[in-house]
Amino acid sequence: MPSTSLFFEGINLLTLGMGFVFIFLIFLVLATRTLSYLIVRFAPSETPTQTAHKKATTNKAKPNQNQGELLAVLTAAVHHHKTQQKLS
C-alpha cells in the first residue's frame, strides 16, 4: 500500500470522526437548550415564604451578641484543621 493512500485514509477517518463528534455536540446543545426552555416554562415558580423572611430579619437584629462565642468556635476550627494537617 502506498504511503499516500494511507495518508488520505487517515485524513478521511479524521474528518469523519470529527464530523460525527461535532454533529453530536450540536444535538447535545440543542437538547439542553430545549429542556431548559421547557423547565422554565412549565415548572412552578418558587415563592419565598414569610417565615424565612422573618427569620432572616431577626438574625440581623443583633450582630454583636454572640461575637465572643463565634470567635471561640472559629479558633477551635482553625486549630483542629491545623492538627489534622500535621497528622496526614
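Okay, let's start on the surface: Phe-7, Phe-8, Ile-11, Leu-14 and Met-18 make a nonpolar patch of about 550 Å². For a patch I take residues with over 30% relative accessible area and no salt bridge, joining nonpolar side chains (Val, Leu, Ile, Met, Phe, Trp, Tyr) within 5 Å and like charges within 9 Å. A salt bridge here is a Lys or Arg side-chain nitrogen within 4 Å of a carboxyl oxygen of Asp or Glu. Areas are Shrake-Rupley with a 1.4 Å probe, and for residues only the protein chains shown count as cover.

Bear in mind that this is a predicted model: local features need pLDDT of at least 70, side-chain atom pairs need 80 or more, and totals for chains, interfaces and linings use all residues. Numbering starts from 1 along each chain as its sequence is written, and side-chain values use heavy atoms, leaving out hydrogens and water.

So who in that patch is exposed? Exposed means over 50% relative accessible area, buried under 20%, partly exposed in between (1.4 Å probe, protein chains only). Phe-7 counts as exposed at 53%, Phe-8 at 57%, and Met-18 at 55%.

Now the rings. Pairs of Phe, Tyr and Trp rings (six-membered for Trp) need centres within 6.5 Å; planes under 30 degrees apart are stacked, over 60 edge-to-face, the rest tilted. That gives one aromatic pair. Phe-7 and Phe-8 have ring centres 5.8 Å apart and planes at 65°, so they sit edge-to-face.

Zooming out, the protein has three helices and zero strands, running α-α-α from the N terminus. These are DSSP runs numbered from the N terminus: H or I of at least four residues for helices, E of at least two for strands. Met-18 is in helix H1, residues 3-42. UniProt, in an unreviewed entry, lists residues 6-31 as "transmembrane region"; that span is 100% helix, with end C-alpha atoms 37 Å apart.

Buried residues make up 0% of the 88.

Last, confidence: mean pLDDT (per-residue predictor confidence, 0 to 100) is 84. H1 is highest at 95, and H2, residues 50-59, lowest at 58.

Definitions and conventions
UniProt positions are given in the numbering used here, feature names are shortened, and annotations may be inferred rather than shown by experiment.
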